[in-house]
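Thank you all for making time this morning. I would like to walk you through one chain, taking its strands, then its ligand, then its domains.

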Amino acid sequence: MAELELIGLSKRYGKKVWGARDINLKVNDKEFIVFLGPSGCGKTTTLRMIAGLEEVTEGKVLLDGKDITYLPPRFRDVSMVFQSYAVWPHMTVYDNIAFPLRMKKIPKDEIDKIVREVTKLVNIHEYIERYPRQLSGGQRQRVALARAIAVKPKIFLMDEPLSNLDAKLRVRMRTELKAIHHKTEATTIFVTHDQSEAMSMADRIVVMRAGRIEQIGTPDEVYHNSANVFVAGFIGTPPTNFLTVELKREKGKLLLVHPHFKIELSNELALPLNGYNKDKLILGVRPENMKIVKKDDATLSEEVLVVEPQGSHQIIAIEIEGKIIKIVAPSFPRYSSGETIHISFDLKRLMLFDIETEKRLNPFKDLGLDSEDFKKQE
Ligand SMILES: Nc1ncnc2c1ncn2[C@@H]1O[C@H](COP(=O)(O)OP(=O)(O)O)[C@@H](O)[C@H]1O
Ligand SMILES: [Mg+2]
């Protein structure tokens, strides 16, 4: 069992800078949690407070209900893997992994068994006699991983462990790490600034900005049900398109009015705006929720600025009032710059945000994933 709870956890550097502020999170046993956010948002600070490497300014860390806020790191039963795979250069792979176990006075044959087990798990069992300089970056990072796994910690902390690897290897290691997690079932907190890494690995994502948590949710939740403009803009590539629109009433109907288009809101979309009394809001549309259609079915018509072919699809950029808007479309037909296209929005997927607080006004009641469209074919 390994359940971690952070209560009002905060870290202030000096007098003014809050590295992390009022972090509240419950990590379940066996869960794979990802801290996601731009550089400087407090991911490392929070992780280091959990590991005991950073003094806590306010709040508590509980492990299986026990307060460990002021417990020295070596008594915490957590293991951390860093971005710069800190393996000891003068030791073989075998000794790198065995060393922490020897420090724990584990019997020699037991150590031998563990080293063989974990090196097999991360696929470096053929290199156990080698020194780190005889290994590639990816292999060295596996040694660091194996060493962290070998001590069988209650909680596994990883701070951007893949960011020093080249792009292709990084994507492969994602899959491998996830598979390793399925086997070890170790409660894990993984830190990254890469939203696609977070989406592909996490049970739940904790989206952070400026020291605070913006949203906690499954990858589907943070993507489809983004809590605010920041989350909707940070998650997804290309990112969500945002447009400021005016809210108008006409013959009992609610309209979103933009200089280039007008959208009449269905009752379902109008309902969450009951009680919203500002005359503007921010409309968010994901690039895949805009569709190129026949002129008669279009909400707006625009000239294509550029087309980015991606093989499996194409990304079409248009410019509306100086703002670049991106649309994801099937690869064919191929469009070209200067051509006029007609566009409609998937009205069920429109995101509406408060013009001032930037908070979501219309959280989807459910993600719609139970509907017929998403059923598996037998
Ligand atoms: N040792 C430190 N002294 C002063 N400020 C720090 C220190 N470490 C981090 N910070 C500040 O705290 C904030 C969060 O940093 P960090 O946790 O490293 O972010 P992340 O890991 O998300 O990039 C940043 O504004 C950073 O400048
Ligand atoms: Mg960091």
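**Strand pairing, ligand shell and domains**

Let me begin with the strands, where E1, covering residues 4–13, runs antiparallel to E4, covering residues 58–63, and five bridges join the two. I should say at once that this is a predicted model, and what follows should be heard with that in mind.

Within this pairing, glutamate 5 has leucine 62 of E4 as its bridge partner, and leucine 62 also stands opposite aspartate 67 in E5. That second strand, E5, takes in residues 66–67 and is joined to E4 by two bridges, again with the strands antiparallel. E4 and E5 together form a hairpin that has two residues between its strands, and in the turn aspartate 64 has a positive phi of about 50°.

Turning to ligand 1, the residues around it include Tyr13, Val17, Gly19, Gly37 and Lys43. Strand E2 (17–27) and helix H1 (43–51) are the elements that each give two or more residues to this shell, and H1 provides the largest share, with three residues. Sorted by class, the shell holds three nonpolar, seven polar and one charged residues.

Finally, the domain assignment divides the chain into domain 1, at 4–233, and domain 2, at 238–362. Their centres, taken over C-alpha atoms, are separated by 38 Å, while seven residues of domain 1 are in contact with 10 residues of domain 2. On the domain 1 side of that contact, four residues are nonpolar, three are polar and none is charged.

Notes. Residues numbered from 1 in each chain as written. Chains lettered and ligands numbered in written order. Predicted model: local features only at pLDDT ≥ 70, side-chain atom pairs only at ≥ 80, totals over all residues. Domains from an automatic or database assignment. Contact = placed C-beta atoms within 7 Å. Nonpolar A, V, L, I, M, F, W, Y, C, P; charged D, E, K, R; others polar. Near = placed C-beta within 6 Å. Helix = DSSP H or I, 4+ residues; strand = E, 2+ residues; numbered from the N terminus. Pairing = 2+ DSSP bridges.
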